[in-house]
Amino acid sequence: MKTFLLILLFLNACFYPINPSYKNPHIRVLKNNNIIKISLEKYVAHVLAGEVSFNWPKEALKAQAIAIRTYALKKMQENKNKKFDVQATVVNQEIGRAHV
């Protein structure tokens, strides 16, 4: 849980000051046969916590967060008429150690 919180703080510090008008969309995640609606940035933090170590260089964490966010936004667009956007499994992006 500590790693997740550190990553969430890291993401806030890295991305929100760049564009203060950024609207954080919500993503619909299928997890254990339940659909969970969470903010995109919280989703990115959960996936990032499962894919990397917080000890990685700052630029590597930023790059990974961008890749996760880009993939999630693409899936949100592709699945906008479906019940969920992504599955919290290896089919899409698995939510990491800090579970939703």
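Where does Asn 79 lie? Select this residue in the predicted model: Asn 79 belongs to the loop between H3 and E3. It provides a starting point for the tour.

**First stop: Asn 79**

Display the side chain of Asn 79 and its surroundings. The relative accessible area of Asn 79 is 10%, and a residue under 20% counts as buried, so Asn 79 is buried. Now show Arg 28, Phe 84 and Asp 85: setting aside neighbours within four places in sequence, these are the residues in contact with Asn 79.

**Second stop: the hairpin of E1 and E2**

Select residues 26-31, which form strand E1, and residues 34-39, which form strand E2. The two strands pair in the antiparallel sense, over six bridges. As a general point, the strands of a sheet pair through backbone hydrogen bonds, in either a parallel or an antiparallel manner. To follow the pairing here, select Ile 27, which stands opposite Ile 38 in E2. Next select Arg 28, whose bridge partner in E2 is Lys 37.

Move to the turn. E1 and E2 form a hairpin with two residues between them. Asn 32, in this turn, has a positive phi of about 55°.

Return to E1 and show its side chains, which alternate along the strand. Ile 27, Val 29 and Lys 31 point to one face and are buried. His 26, Arg 28 and Leu 30 point to the other face and are not buried.

**Third stop: the whole sheet**

Add strand E3, residues 86-87, to the selection. The result is an open sheet of three strands in the order E2-E1-E3, with mixed pairing. E2 and E3 stand at the edges, each with a single partner strand, so one side of each has no neighbour in the sheet. E1 and E3 pair in the parallel sense over two bridges. One pair to select is Val 29 and Val 86, since Val 86 is the bridge partner of Val 29 in E3.

**Fourth stop: helices H2 and H3**

Select residues 40-51 for helix H2. This helix lies across E1, E2 and E3, and runs at about 105° to E2. Then select residues 58-78 for helix H3. The axes of H2 and H3 come within 9 Å and cross at roughly 125°, which makes H2 oblique to H3. The crossing in which H2 passes H3 is right-handed.

Show the side chains where the two helices meet. On H2, the contact is made by Leu 40, Glu 41, Tyr 43, Val 44, Val 47, Leu 48 and Glu 51. On H3, the residues are Leu 61, Gln 64, Ala 65, Ile 68, Arg 69, Ala 72, Leu 73 and Met 76. Colour them by class to find eleven nonpolar, one polar and three charged residues in the contact of H2 with H3.

**Last stop: Lys 75**

Is Lys 75, in helix H3, buried or exposed? Its relative accessibility is 16%, and therefore Lys 75 counts as buried. Leaving aside neighbours within four places in sequence, Lys 75 is in contact with Asp 85, Val 86 and Asn 92. Finally, select Ile 27 together with Lys 75: they are 48 residues apart in sequence and 9.3 Å apart in space, C-alpha to C-alpha.

How values were computed:
Residues are numbered from 1 along each chain as its sequence is written. This is a predicted model: local features need pLDDT of at least 70, side-chain atom pairs count only at pLDDT 80 or more; totals for chains, interfaces and linings use all residues. Side-chain values use heavy atoms; hydrogens and water are left out. Axes are lines fitted to C-alpha atoms, for helices over the stretch in contact, and angles run from 0 to 180 degrees between N-to-C directions. Helices (H or I, at least four residues) and strands (E, at least two) are DSSP runs, numbered from the N terminus. Angles under 35 degrees count as roughly parallel, over 145 as roughly antiparallel, 65 to 115 as roughly perpendicular and the rest as oblique. A crossing is left-handed if the near helix is turned anticlockwise from the far one by less than a right angle, and right-handed if clockwise. Contact means heavy atoms within 4.5 Å. Ala, Val, Leu, Ile, Met, Phe, Trp, Tyr, Cys and Pro count as nonpolar, Asp, Glu, Lys and Arg as charged, and the others, Gly among them, as polar. Two strands pair if DSSP finds at least two bridges between them. Buried means under 20% relative accessible area, exposed over 50%, partly exposed in between (1.4 Å probe, protein chains only).
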